[in-house]
Every structure is written in C-alpha cells, then in structure tokens.
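Colleague: Before I rely on the terms used for this model, I would like to hear the reasoning behind them. Could you take me through it?

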Amino acid sequence: MAERSSSRTPRTARSGAGGRAVPGAGWQEPPGGHAAAPGLLECGRCRYLRTARACCQVVEALLAVLILVCSSVSYGSTGGYTGLPALGGIYYYHYGGAYSGFNGADGEKAQQLDQRFQLLKLLVARAAMAAGGSLLVLSCILILVGALRLPWRFPAWLLLECVLDAVIAIGLVPAVYYYFHFLLGVYNSSVCKEREQLYQSKGYRGFGCSLHGAEIAAGLWGCMAAVAFLLSAGLAGRGYRTVRRLKQKPAELYEL
C-alpha cells in the first residue's frame, strides 16, 4: 500500500506549457502572463497609446498646439500706441500701455499705423491659428479612433488615414512657404516702414520690420509637423498590411 500511494503524484504538482503549479498554492501564471497586475497602459483601450502610430499622432497634436500658440503670440505682440483716455486705469499706463513720447498729431498717426499694420497681419495670423487648430482636432480624432480599435474592424480606415496624412504632409510645405511669404510682404510694406520710423524717432525699439521669434518658431513647427504626418502615413500603410495579415489573430493587434 505504501508503494502504491507513493507512486501517485498530486495533479496540482504538474506543470504545463502555459504556467506552473505549486502544491498548495494553486495555478500560477508565468512571468509576463496576462494575469500580471496591469500597468497604466495595459488596459484594452490604452494599449494603443504604446504603438508607433499613436506616439506619432501625439507628437502631431503637440506640434499643432505649438503652432497655435506661436501664431497667437505673433498676432498679439503687435504692440503700439494707446492714448491716455483709452487706458481705463493707471495699471495699463504703468505696465507700458501708453507711450508718453507721442503728443497730438503724432499720437493719432501712430494709432492709425498700428491699426493698419494689425489688419495686414490679421489674415496671416488667423490662417496660421486655423491651421494649428485643425491639425490639433484631427490628431485627437485619430488617437480616439485608434483607441476604439476602429482600424481593426474596418481596415480600409487605415488606407484613408494614410492618404489623409500624406496629403497634409505635402500640403504643409507650400503652406509654410506662403506663411513666410505673406509675412515678409507685410514687413516690407510701406505701412510697416513708416511705423518703424515713427517709433524710432521717439526712441522706441521693438517695432522693427523683421520676423519675430514666435513667427519663425511657428514655421519650424510646421516643417516638423510635415515630417510627422509623412511618417504617420507610412505607419498607417504598414498597419493596413499588418491588419490584413493578422485578421485571424486579434490578440496580436497591438503589435502594429
């Protein structure tokens, strides 16, 4: 009887390919198995954020924010003369709202030149802000669509995303060119030259007819966004081929 009982081994002591068993401890998953404690990006919806496509789309969204901010700063930094009656308080006067070097006709002329110069920059600034806002919204939509696994259910979406990203990447190149072209046209206009001379005659600087740092930065962010969208187009095309191949293996979806 002792030999017969010793020849039997508990079923829980056997180990399989998918895990291991310890007597008295029950089944345990192997290291790195699905039973491990999930991390911040381990949930089904958030796993997409670990893919190359999602990282590229996040970069696109950040670049769009930078374009929007820089173009807003460019338009808001026009500056100019403000008469004392229009200040509304000593606070604005103390922090540079008024330029005391202008009196009478010079003050009215400075205000008129400021308004005309601001109108010249208005179209370019609004176009840049609209482009940055549109790219931001589009990037957020693409991230949401990827997190909802729409490309897995409808692989044709990846082809549409590839074409859309490629069109945006190509379109950003002439957009940046015309952005600088129109800005240089504004700074080379007679309004800007006359405005610069008027402020220099009163001893004020910072009203020169040259590109500002925020405007140059907005153009550089636009160039980087073109590269990011071009890379995203390539990743979307590769993702389409991978989804078609892995259609029967949904567990490997997040390797895209």
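The exchange below takes up one helix, then a cavity and a pocket.

Modeller: Please bear in mind that this is a predicted model.

Colleague: How do you know that the reach of helix 6 is close to the expected one?

Modeller: Helix 6 comprises residues 156–187, 32 residues in total. At 1.5 Å a residue, 46 Å is expected, and the distance from the first C-alpha to the last is 46 Å.

Colleague: Where in helix 6 is there a kink?

Modeller: The kink is at Leu172, shortly before the proline Pro174, and amounts to about 25°.

Colleague: Why is Leu172 called buried?

Modeller: Buried residues have under 20% relative accessible area. Leu172 is listed among the buried residues of helix 6, as are Tyr179 and Leu183, so each falls under that limit.

Colleague: What makes the second largest cavity a cavity?

Modeller: A 1.4 Å probe fits there but cannot get out, and therefore the term applies. The volume is about 30 Å³, and the lining includes Lys121, Tyr179 and Leu183. Helix 4 (105–147) gives the most to this lining, with four residues.

Colleague: Why is one residue of that lining counted as charged?

Modeller: Lys counts as charged, so Lys121 fills that class. The others are five nonpolar and two polar residues.

Colleague: How does the lining of the largest pocket divide by class?

Modeller: It has 14 nonpolar, two polar and no charged residues. Ala127, Ala128, Ala131, Ala175 and Tyr179 lie nearest the centre of the pocket, which holds about 340 Å³ of space. Ala and Tyr count as nonpolar, so these five belong to that class.

Notes: Residues are numbered from 1 along each chain as its sequence is written. This is a predicted model: local features need pLDDT of at least 70, side-chain atom pairs count only at pLDDT 80 or more; totals for chains, interfaces and linings use all residues. Side-chain values use heavy atoms; hydrogens and water are left out. Helices (H or I, at least four residues) and strands (E, at least two) are DSSP runs, numbered from the N terminus. The expected span of a helix is 1.5 Å times one less than its number of residues. The bend at a residue is the angle between axes fitted to the seven residues ending there and the seven starting there. Buried means under 20% relative accessible area, exposed over 50%, partly exposed in between (1.4 Å probe, protein chains only). On a 1 Å grid over the protein atoms alone, a cavity is a set of points where a 1.4 Å probe fits but cannot get out, and a pocket is an open set with protein on both sides within 12 Å along at least five of seven lines; lining residues have an atom within 4 Å of a point. Grid points are joined across faces, edges and corners, and a volume is the space filled by probe spheres set on the points.
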